Amino acid sequence: MEKLQALRGMVDLLPEQTALWQRIEKTAQSHFKRGAVNEIRTPLLEATELFSRGIGEATDVVGKEMYSFLDRGQRNCTLRPEGTASVVRACIQHGLLSQGSQKFWYSGPMFRYERPQAGRQRQFHQIGVEFLGFDDPRSDIETIALAWDLLQDLGLKKINLELNSLGDLEDRILFRKSLVNWLSERVDLLDEDSKDRLNKNPLRILDSKNPKTQLLLKEAPTLNEALSSKSKERFDVVQAGLNQMGIPFQLNPCLVRGLDYYSHTAFEITSNELGAQATICGGGRYDGLVEQLGGPSSSGVGWALGMERLALLISTIKPTSENERAKFYVVSRGKKAETNALTIARNLRLKKHIVEIDLTRAAFSKQLKRADKSGAKWAIIIGDSEAEQRKMILKDMRCSNAEISKEELITEEILLNRFA
RNA sequence: GCGGGCGUCGCCAAGUGGUUAAGGCAGCGGCUUGUGGCGCCGCUAUUCGGGGGUUCGAAUCCCCUCGCUCGCCCCA
């Protein structure tokens with residue numbers, strides 16, 4: 001018989017992991033709340049066209065990584081490979097931008113059909129932020145600071161912020177021309193991938209990992225030189241803002257990012273403790289996107305961070321805290337006792353206590369062993385004789401010595417009063 | 001899509017051609033027929049990812065296949 005298992009690249013998160021994930025989500029939400037950023041939830045499934053138009057036909061994400069299929073109505077659908085396009089679509093659809101600028105956060109699964117490796121799955125999860133309708137470079141600074149502070153709060157000390165400016169559309173067209181010209185005279189020195197990109201997407205050559213290509217690029221014209229004075233000024237404001245906040249960053253003139261919609265500020269937060277997939281958070285400005293998707297001319301800036309990669313970095317943190325453990329562990333034997341036990345557990349829970357109940361019918365010694373292991377502070381023991389008297393034994397499990405630990409016979413009423 | 005590594009019980013793991021597939025953890029049962037951290041005893045893989053082949057004999061050798069994993073590509 002064929003073993004049934006999850007599809008490649010689809011990962012189960014077991015309780016040991018979910019505790020950590022909840023911690024991350026809780027921390028992030030706390031930062032969003034303080035920043036007056038509102039949650040938005042959009043569908044996992046969208047029209048394929050949203051992504052091909054938004055992210056760009058020539059990108060790898062659209063070209064070879066999308067989970068696309070025809071639904072029963074012959075509509076071309078795609079499981080979202082990223083969050084920004086959906087958020088922008090929702091904004092346009094509901095006319096939110098006519099109500100002024102918007103600050104959003106989202107969280108959820110994304111899908112890309114790639115070979116899985118460390119820090120990369122086919123279904124992965126992102127927490128992201130999108131600020132729409134903000135043109136001021138201070139919004140770049142605010143979003144970056146939000147990401148930075150959130151990661152600091154999670155205890156990540158050894159992370160790097162890399163920063164670049166892609167300029168506006170005109171800057172990039174100019175730069176592309178000069179880069180292509182320069183590289184065309186040196187095609188022989190390029191690696192295969194880069195040769196391919198020379199026509200398709202020349203800017204991407206900049207972040208080639210091929211060492212020879214990188215060496216060559218040191219002589220090449222840089223994006224920075226191609227920026228208009230206006231773009232340069234804007235970039236200066238962003239840098240000055242980060243400096244003033246004491247957020248350290250490194251300029252990386254080769255940081256271009258793979259999605260077509262980025263302009264001006266582009267940034268990545270990386271860690272060198274992650275293996276090959278070092279980026280835990282990436283984002284930037286995307287001023288043309290709203291209009292490109294059929295909305296009003298409007299600017300935007302945002303980022304997304306990878307939950308799996310974040311979880312990898314924080315995985316050393318202890319998962320279960322003291323107050324998440326059960327306060328009571330209910331043990332019972334005998335027909336009447338067992339049903340009484342269930343009711344008592346429920347009544348304690350209605351009083352907001354954390355209660356674990358043993359449903360095994362094993363010997364008391366066995367059940368109490370589990371009570372001990374569970375870390376519960378109190379055991380409630382109900383056998384036939386207690387059930388007859390409508391009482392129970394309350395046993396203090398905090399004492400490590402079983403012989404001298406306190407226990408007493410009490411009624412449910414007394415119990416509920418005492419722990420009210 | 002292309003490379004490298006790996007696949008023995010829920011988890012970790014010995015075994016590298018001879019047959020009873022070690023051991024540890026976890027789980028279950030018992031010592032303690034109604035009472036917890038220790039200890040002791042017992043149970044838990046007709047089977048070594050799957051299929052085929054070589055051989056008197058294979059978890060151990062060969063072929064195919066599936067899966068996992070790391071890397072390339074790319075991104076979070």
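Trainee: What makes Ala276 a residue in polar contact with RNA strand B?

Mentor: In this predicted model, a backbone N or O atom of Ala276 lies 3.1 Å from a phosphate oxygen of RNA strand B. A polar contact requires a pair of N or O atoms within 3.5 Å. The value of 3.1 Å therefore qualifies as a polar contact.

Trainee: Which part of RNA strand B lies 2.7 Å from a backbone N or O atom of Ile280?

Mentor: The partner of Ile280 is a sugar or linking oxygen of the strand. The cut-off is 3.5 Å, so the pair at 2.7 Å also counts as a polar contact. Arg120 offers a further example, with a polar side-chain atom 2.3 Å from a base nitrogen of RNA strand B.

Trainee: Which elements give two or more residues to the surface near RNA strand B?

Mentor: They are helix H3 (60-64), E6, helix H7 (192-200), E10, E11, helix H14 (364-374), helix H15 (384-389) and strand E15 (391-396). H14 gives the most, with eight residues.

Trainee: How many residues surround RNA strand B, and which are the closest?

Mentor: There are 58 residues around the strand, and the closest are Arg112, Arg197, Arg257, Gly258 and Ser400. By class, this surface has 25 charged, 17 polar and 16 nonpolar residues. As for the strand itself, 55% of its atoms within 4 Å of the protein belong to sugar or phosphate, and the rest belong to bases.

Trainee: Why is Ser194 assigned its burial class?

Mentor: Ser194 has a relative accessible area of 0%. Buried means under 20%, so Ser194 is buried. The residue lies in helix H7. Leaving aside neighbours within four places in sequence, Ser194 is in contact with Ile205, Ser208 and Thr213.

Trainee: Is Thr48 buried or exposed, and how do you know?

Mentor: The relative accessible area of Thr48 is 13%. That value falls under the 20% limit, and Thr48 is therefore buried. Thr48 is found in helix H2. A polar contact of 2.7 Å joins its side chain to that of Thr78. Beyond four places in sequence, the residues in contact with Thr48 are Met66, Ser68, Asn76, Cys77 and Thr78.

Trainee: What is the relative accessible area of Pro116, and why does its class follow?

Mentor: Pro116 has a relative accessible area of 33%. Buried would need under 20% and exposed over 50%, so a value in between makes Pro116 partly exposed. Its place is in the loop between E5 and E6. Not counting residues up to four places away in sequence, Pro116 touches Arg8, Gly9 and Arg122.

Trainee: Why is Gln239 assigned its burial class?

Mentor: Its relative accessible area is 14%. As this is under 20%, Gln239 is buried. Gln239 has its place in helix H10 (residues 229-245). Its contacts beyond four places in sequence are Leu163, Phe249 and Leu251.

Trainee: How many residues has the largest nonpolar core, and which have the most contacts inside it?

Mentor: This core has 43 residues, and those with the most contacts inside it are Ile55, Val88, Phe104, Leu132, Leu179, Leu183 and Tyr261. The element that gives the most to this core is H4, with five residues. Apart from it lies another core, of 41 residues, among them Leu151, Leu305, Leu313 and Ile314.

Trainee: What makes a set of residues a nonpolar core?

Mentor: The members must be buried residues of the listed nonpolar kinds, joined through side-chain atoms within 4.5 Å. In soluble globular proteins, nonpolar side chains tend to be buried together.

Trainee: How many residues of helix H12 (residues 307-314) are buried?

Mentor: Seven of its eight residues are buried, and the helix is thus mostly covered. The buried ones are Met307, Glu308, Arg309, Leu310, Ala311, Leu313 and Ile314. They pack against helix H1 (15-34), strand E6 (123-132), helix H5 (137-153), strand E10 (279-285) and strand E11 (300-306).

Trainee: Which domains is chain A divided into?

Mentor: Domain 1 covers 15-168 + 228-314, and domain 2 covers 322-418. Their C-alpha centres lie 49 Å apart.

Definitions and conventions:
Residues numbered from 1 in each chain as written. Chains lettered and ligands numbered in written order. Predicted model: local features only at pLDDT ≥ 70, side-chain atom pairs only at ≥ 80, totals over all residues. Heavy atoms only, no water. Buried < 20%, exposed > 50% of the residue type's maximum accessible area, 1.4 Å probe, protein only. Helix = DSSP H or I, 4+ residues; strand = E, 2+ residues; numbered from the N terminus. Contact = heavy atoms within 4.5 Å. Domains from an automatic or database assignment. Near = heavy atom within 4 Å. Polar contact = N/O pair within 3.5 Å; in protein donor to acceptor, adjacent residues only side chain to side chain. Nonpolar A, V, L, I, M, F, W, Y, C, P; charged D, E, K, R; others polar.
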